[in-house]
Amino acid sequence: MTVKKFSVLGMKCGVCKASVERALCSLDGVESAVAHLETASVEVSYDEAKVTPQALADAVDEAGFGLEL
């Protein structure tokens, strides 16, 4: 598993945090996603053989936020 931290654009509240985490965890290959409001970031544990950083960004984008790669 690869663990990376990404900046999240537009995440401002607990509901936003949950939406980002849910969007990422719904992807096959993502083991966990923990968003941090204080730093506007998310730490994602994922299998690089199953999911790409771009797929992570696309999932977050579909949830209404931005993920800086």
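Here are some notes on the fold, the core and a few individual residues of this predicted model.

1. **The sheet.** A good place to start is the open sheet, whose four strands come in the order S2-S3-S1-S4 with antiparallel pairing. S2 and S4 (66-68) are the edge strands, each pairing on one side only. Ignoring direction, neighbouring strands are turned by 30 degrees against each other on average.

2. **Two of the strand pairs.** S2 and S3 are joined over six bridges in the antiparallel sense; within this pair, Val 34 has Glu 43 in S3 as its bridge partner. S1 and S4 are also antiparallel, over three bridges, and here Val 8 is matched with Leu 67 of S4. As general background, the strands of a sheet pair through backbone hydrogen bonds, either parallel or antiparallel.

3. **How the helices sit.** H1 lies across S1, S2 and S3, and runs at about 165 degrees to S2. H2 lies across S1, S2, S3 and S4, at about 155 degrees to S4. You may like to check the span of H1: its twelve residues reach 16 Å from the first C-alpha to the last, close to the 16 Å expected at 1.5 Å a residue.

4. **The largest nonpolar core.** Which residues have the most contacts inside the largest core? They are Val 20, Leu 24, Val 42, Val 44, Leu 56 and Leu 67, in a core of 18 residues. At least two core residues come from each of strand S1 (2-9), helix H1 (14-25), strand S2 (30-36), strand S3 (41-46) and helix H2 (53-62). In soluble globular proteins, nonpolar side chains tend to be buried together.

5. **Val 42 as a way into the core.** If you want one residue to centre your view on, try Val 42. Beyond its neighbours within four places in sequence, Val 42 is in contact with Lys 4, Lys 5, Phe 6 and Val 8, as well as Val 20 and Leu 24. The same list continues with Ala 33, Val 34, Ala 35 and Leu 67. Val 20, Leu 24 and Leu 67 are also among the residues with the most contacts inside the core.

6. **The buried side of H1.** The buried residues in H1 are Cys 16, Ser 19, Val 20, Glu 21, Ala 23 and Leu 24. Their cover includes S1, S2, S3 and H2. Two polar members of this set deserve a look. Ser 19 has a relative accessible area of 19% and therefore counts as buried, the cut-off being under 20%. Leaving aside neighbours within four places in sequence, Ser 19 is in contact with Ala 63 and Phe 65. The other is Glu 21, which is buried at 18%.

7. **A salt bridge within H1.** What does Glu 21 form a salt bridge with? Its partner is Lys 17, with the closest N and O atoms 2.9 Å apart. Both residues lie in H1, four residues apart, or about one turn of the helix. Lys 17 counts as partly exposed, at 27% relative accessibility, whereas Glu 21 is buried.

8. **A salt bridge between distant parts of the chain.** The whole structure has two salt bridges, and one of them joins the side chains of Lys 4 and Glu 48 at 4.0 Å, N to O. Lys 4 is in strand S1 and Glu 48 is in the loop between S3 and H2, 44 residues apart. Both ends are partly exposed: Lys 4 has a relative accessibility of 34%, and Glu 48 has 47%.

9. **Ala 40 in the hairpin.** Please have a look at the hairpin of S2 and S3, which has four residues between the strands. Ala 40, in the loop between S2 and S3, has a phi near 50 degrees, a positive value in a residue other than glycine. Most residues other than glycine have a negative phi. Ala 40 is partly exposed, at 25% relative accessibility.

10. **Ser 7 on S1.** Ser 7 is found in strand S1 and is partly exposed at 32% relative accessibility. Setting aside neighbours within four places in sequence, Ser 7 is in contact with Ala 40, Ser 41, Gly 66, Leu 67 and Glu 68. Ser 7 and Val 42 are 35 residues apart in sequence, with their C-alpha atoms 6.4 Å apart in space.

Terms used. Residues numbered from 1 in each chain as written. Predicted model: local features only at pLDDT ≥ 70, side-chain atom pairs only at ≥ 80, totals over all residues. Heavy atoms only, no water. Core = buried A, V, L, I, M, F, W, Y, C linked by side-chain atoms within 4.5 Å. Buried < 20%, exposed > 50% of the residue type's maximum accessible area, 1.4 Å probe, protein only. Contact = heavy atoms within 4.5 Å. Pairing = 2+ DSSP bridges. Axes fitted to C-alpha atoms, helices over the stretch in contact; angles between N-to-C directions. Expected span 1.5 Å × (residues − 1).
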